[in-house]
Amino acid sequence: NGLCRKLNDEVVCPSYHVTHDERDSPRGRANTIRLAVAGELGDDALASPEMAETMQSCVSCKSCRGACSNSVDIAAAKIAVQEAQAKKHGLTRFERSIAYLPHTAPRLRQWRHLLNLRDVLPWAARLSEKLTGISADRPWPRWDAKPFKTNEPIGPENGTEILLFIDTFNNYFDAGTLRAAVDVLAASG
């Protein structure tokens with residue numbers, strides 16, 4: 001219905017709001033995917049570099065799904081395109097670095113002092129970009145000296161039992177956030 005192309009304060013798609021390019025609107029992306037699925041863009045169109053570029057600026061906010069009378073969900077379509085890309089071309093170094101971080105972080109932690117020098121030594125950022133695919137132009141998060149660990153009950157003995165899921169990023173790079181969450185939960189009983 002074109003609501004995704006409105007350029008007022010109620011704009012639906014953030015990337016279209018920035019670029020004003022039909023290709024970046026949910027309608028444009030949906031039409032591109034429809035053409036690819038129908039075979040009108042050639043074989044393996046979902047796995048093509050052009051399709052990846054079309055989906056790249058989608059921020060997966062899902063506002064398109066809520067605003068569209070057809071419930072077009074470009075964020076879900078973006079995942080399907082990424083899956084097709086991965087099946088055909090494999091994962092990039094960047095994607096592997098991020099995807100396997102939960103497995104590599106515990107082993108890399110012992111090298112945290114060296115890894116924390118990455119943004120200090122001029123050559124280290126470029127070397128890390130070659131190894132991981134993570135841009136040398138952006139600083140890395142600093143490895144936390146002490147990951148979050150506790151096997152003990154926290155808070156009052158008669159308090160409500162909770163389960164705190166510890167994600168890799170907070171555990172190895174910002175454990176203070178987890179400790180603060182525990183303090184808040186314990187203080188609230």
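Which helix does Leu 108 lie in? Leu 108 belongs to helix H7, which covers residues 101–108. Bear in mind as you look around that this is a predicted model. With a relative accessible area of 33%, Leu 108 counts as partly exposed, because that label covers values between 20% and 50%. It also has company: Leu 108, Trp 111, Leu 114, Leu 117 and Val 120 make up a nonpolar patch on the surface, and together they offer about 490 Å² of accessible area.

Now move along to Arg 118, in the loop between helix H8 (112–115) and helix H9 (122–132). Is Arg 118 buried or exposed? Arg 118 is buried, with a relative accessible area of just 3%. Looking past its sequence neighbours up to four places away, you'll find Arg 118 touching Ala 124, Ala 125, Ser 128, Ile 134, Ser 135, Ala 136, Arg 138, Pro 139 and Trp 140. Take Ala 136 from that list: it sits 18 residues from Arg 118 in sequence, and the two C-alpha atoms are 9.2 Å apart in space. The side chain of Arg 118 has polar partners too. It makes a 2.5 Å polar contact with the side chain of Asp 119, and one of its polar atoms lies 2.9 Å from the backbone oxygen of Arg 138.

Finally, swing over to helix H3, residues 49–56. Its buried residues are Met 51, Thr 54 and Met 55. These cover an arc of only 90° around the axis, so they end up on the same side of H3. That buried set packs against helix H2 (26–37) and helix H5 (74–89). Flip to the other side of H3 and you meet Pro 49, Glu 50 and Gln 56, which are exposed.

Notes:
Residues are numbered from 1 along each chain as its sequence is written. This is a predicted model: local features need pLDDT of at least 70, side-chain atom pairs count only at pLDDT 80 or more; totals for chains, interfaces and linings use all residues. Side-chain values use heavy atoms; hydrogens and water are left out. Patches are made of residues with over 30% relative accessible area and no salt bridge: like charges are joined within 9 Å, nonpolar side chains (Val, Leu, Ile, Met, Phe, Trp, Tyr) within 5 Å. Accessible areas come from the Shrake-Rupley method with a 1.4 Å probe; for residues, only the protein chains shown count as cover. A salt bridge is a side-chain nitrogen of Lys or Arg within 4 Å of a carboxyl oxygen of Asp or Glu. Helices (H or I, at least four residues) and strands (E, at least two) are DSSP runs, numbered from the N terminus. Buried means under 20% relative accessible area, exposed over 50%, partly exposed in between (1.4 Å probe, protein chains only). Contact means heavy atoms within 4.5 Å. A polar contact is a pair of N or O atoms within 3.5 Å; within protein, one must be able to donate a hydrogen and the other to accept it, and residues adjacent in sequence count only if both atoms are side-chain atoms. The arc is that of the directions from the helix axis to the C-beta atoms.
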